[in-house]
Amino acid sequence: MEDIAQFNISKLPKKISIRPFLKKDIDELLHLESLGFPPEERCSRETVEYRIANCPDLCQGLFVKNEDGNTQLIGEIMATKVDSEFITLKSMEIGQHKESSDVIAIHSVVIHPDYQGQNLARLLMTDYIQKMSQQSVGRKITIIVHEHLFKFYEKLGFVKLNENDDVNDPNSDFSKNGVWYNMDKELVEF
Ligand SMILES: CC(C)(COP(=O)(O)OP(=O)(O)OC[C@H]1O[C@@H](n2cnc3c(N)ncnc32)[C@H](O)[C@@H]1OP(=O)(O)O)[C@@H](O)C(=O)NCCC(=O)NCCS
């Protein structure tokens, strides 16, 4: 993991692990979504269940083992594959994962507020990009972001593209918190 070597690893909690989500994680995952996003941008229980059942390897959790020995979910990436170059409102719906596509669409990235600012999102994303590249899962990763996160994703190698006209539909609640832009990362080892 070359990129991770550049991290200030002294900031990372000691006992962390990353793995695909399991059914037993769903309540914690929904709680994390509620900490990360306003109601209109959160995944529903049904959506989470669908994604974990249909594309488990695209949905990864970051866990920490606390001093009491319990494991807590502190980070998530939720994604599907889409049959277009960019995310659409339709592509976020249940039933829309396209296994044969080579475009991975990340729908959520969240780090628990108590653990933000410790390079954990960068760790989780770098690990994810490496896994998707090495396992030849797709040609690129696409994501939609608001402007304040351009820098965060640029540091991970994403390129800022155009506004996403489909998800910016003014008739959709999804657009009410600001303009959504497409950002892409090509996966080099594909
Ligand atoms: C965005 C989010 C995932 C970042 O998590 P984090 O663990 O605090 O991020 P990291 O500590 O790994 O930050 C990595 C780098 O990005 C930068 N960064 C992190 N959040 C940033 C932000 N909101 N704006 C600008 N830069 C940011 C950091 O400064 C750091 O850069 P550095 O290494 O040069 O100092 C977290 O704030 C979060 O969960 N937000 C709510 C949900 C959300 O908006 N998700 C993203 C859209 S799907």
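This passage describes the sheet, a pair of helices and the ligand surroundings in a predicted model.

The strands of the model include an open sheet of 7 members, arranged in the order 1-2-3-4-5-7-6. Pairing within this sheet is mixed. From one strand to the next, the twist averages 30°. The edges are occupied by strand 1 and strand 6 (159-163). Each of these has a single partner strand, so one side of each is left without a neighbour in the sheet.

At one of these edges, strand 1 (residues 16-20) pairs with strand 2 (residues 60-65). The two are antiparallel and are joined over 5 bridges. Within this pair, I16 is placed opposite V64 of strand 2. Strand 2 is also joined to strand 3 (residues 71-81), by 6 bridges and again in the antiparallel sense. Across this second pairing, F63 stands opposite L73 of strand 3, and V64 stands opposite Q72 of strand 3. V64 thus faces I16 in one pairing and Q72 in the other. In a regular strand the side chains alternate between the two faces of the sheet. Strand 2 and strand 3 form a hairpin with 5 residues between the strands. In this hairpin, G69 adopts a positive phi near 90°.

Helix 1 (residues 26-36) packs with helix 2 (residues 45-54) at an angle of about 125°. Their axes lie 10 Å apart. An angle between 115 and 145 degrees falls outside the parallel, antiparallel and perpendicular ranges, and helix 1 and helix 2 are therefore oblique to each other. The crossing of helix 1 past helix 2 is right-handed. Helix 1 contributes I26, L29 and L30 to the contact, and helix 2 contributes R45, V48 and E49. By class, this contact consists of 4 nonpolar and 2 charged residues, with no polar residues.

The ligand is surrounded by 18 residues, of which the closest are G36, I111, Q116, A121 and R122. Strand 4 (103-111), helix 3 (120-134) and helix 4 (150-154) are the elements that give two or more residues to this shell. The largest share comes from strand 4, with 4 residues. By class, the shell around the ligand comprises 8 nonpolar, 7 polar and 3 charged residues. Strand 4 also has a place in the sheet, where the order sets it between strand 3 and strand 5.

Notes:
Residues numbered from 1 in each chain as written. Predicted model: local features only at pLDDT ≥ 70, side-chain atom pairs only at ≥ 80, totals over all residues. Pairing = 2+ DSSP bridges. Axes fitted to C-alpha atoms, helices over the stretch in contact; angles between N-to-C directions. Parallel < 35°, antiparallel > 145°, perpendicular 65-115°, else oblique. Left-handed = near helix turned anticlockwise from the far one by under 90°. Contact = placed C-beta atoms within 7 Å. Nonpolar A, V, L, I, M, F, W, Y, C, P; charged D, E, K, R; others polar. Near = placed C-beta within 6 Å.
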